[in-house]
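Student: Hi, could you walk me through this one? I'd like to start with a single residue and work outwards.

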Amino acid sequence: RQAAMDSADDSGDGWVLLLAWGMVVLGIAGLVVPLVAIRKWEGGWRVAAMVPVVLVGFVVLRIVVGIAMDPSSHNLWPFELAMVGGLSSALMLLFVVVRWLVGAGRRR
């Protein structure tokens with residue numbers, strides 16, 4: 001049994017690490033990309049870029065309030081932030097594609 005444990009295949013460890021770093025990057029991008037868009041876009045597009053920021057802010061506020069009330073209530077908060085960051089990134093990708101399709105932001 002010990003020999004089998006010693007020779008265990010660890011080839012999946014690289015994928016787990018890659019997935020973990022991908023979640024971190026996705027979470028950060030979910031906040032940074034909308035903030036950059038709010039700064040650069042105008043009109044209704046700026047308002048649209050505020051939607052993901054409000055969404056991320058709501059989740060962060062919910063986590064902070066939940067932890068203040070019960071410190072054990074959000075033990076998996078990094079995953080919560082990664083999920084909302086992914087949703088925020090997906091929304092921003094959708095906004096960028098629609099902006100490109102309608103021709104918004106092109107120089108005249």
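Student: What does the side chain of glutamate 80 make a polar contact with?
Tutor: Its partner is the side chain of histidine 74, at 2.8 Å. A polar contact is a pair of N or O atoms within 3.5 Å; within protein, one must be able to donate a hydrogen and the other to accept it, and residues adjacent in sequence count only if both atoms are side-chain atoms.

Student: Anything I should know about the model itself?
Tutor: This is a predicted model, where local features need pLDDT of at least 70 and side-chain atom pairs count only at pLDDT 80 or more, while totals for chains, interfaces and linings use all residues. Residues are numbered from 1 along each chain as its sequence is written, and side-chain values use heavy atoms, leaving out hydrogens and water.

Student: Cool. Where does glutamate 80 lie?
Tutor: Glutamate 80 is in helix α4, which covers residues 77-102. Helices (H or I, at least four residues) and strands (E, at least two) are DSSP runs, numbered from the N terminus.

Student: And does glutamate 80 count as buried or exposed?
Tutor: Buried, because its relative accessibility is 17%. Buried means under 20% relative accessible area, exposed means over 50%, and partly exposed is in between (1.4 Å probe, protein chains only).

Student: Which residues is glutamate 80 in contact with, leaving aside neighbours within four places in sequence?
Tutor: Val59, Arg62, Ile63 and His74. Contact here means heavy atoms within 4.5 Å.

Student: Let's follow valine 59, then. What does valine 59 touch, not counting residues up to four places away in sequence?
Tutor: Glu80, Leu81 and Val84. Valine 59 sits in helix α3, and it counts as buried because its relative accessibility is 9%. Although valine 59 and leucine 81 are 22 residues apart in sequence, their C-alpha atoms are 7.4 Å apart in space.

Student: Zooming out, how many helices and strands does the chain have?
Tutor: Four helices and zero strands. Read from the N terminus, the order is α-α-α-α. The chain has 108 residues, and 21% of them count as buried.

Student: At what angle do α3 and α4 pack?
Tutor: About 175°, with the axes 10 Å apart. That angle is why α3 is roughly antiparallel to α4. The axes are lines fitted to C-alpha atoms, for helices over the stretch in contact, and angles run from 0 to 180 degrees between N-to-C directions. Under 35 degrees counts as roughly parallel, over 145 as roughly antiparallel, 65 to 115 as roughly perpendicular and the rest as oblique.

Student: What kinds of residues are in the contact of α3 with α4?
Tutor: The split is 18 nonpolar, one polar and three charged. Here Ala, Val, Leu, Ile, Met, Phe, Trp, Tyr, Cys and Pro count as nonpolar, Asp, Glu, Lys and Arg as charged, and the others, Gly among them, as polar.

Student: Next pair! At roughly what angle do the axes of helix α2 and α4 cross?
Tutor: Roughly 45°, and the axes come within 7 Å. Helix α2 covers residues 13-40. The two helices are therefore oblique to each other. Their contact has 10 nonpolar, six polar and no charged residues.

Student: And at roughly what angle do the axes of α2 and α3 cross?
Tutor: Roughly 150°, with the axes coming within 8 Å. So α2 and α3 are roughly antiparallel to each other. The residues making this contact include Leu35 and Ile38 of α2 and Arg46 and Met50 of α3. By class there are 10 nonpolar, one polar and two charged residues.

Student: You mentioned Arg46. Which residues is arginine 46 in contact with, leaving aside neighbours within four places in sequence?
Tutor: Ile38, Arg39 and Trp41. Arginine 46 counts as partly exposed because its relative accessibility is 30%.

Student: Last one: where is asparagine 75 found?
Tutor: Asparagine 75 is in the loop between α3 and α4. With a relative accessible area of 57%, asparagine 75 is exposed. Its side chain reaches the backbone oxygen of serine 72 at 3.4 Å.
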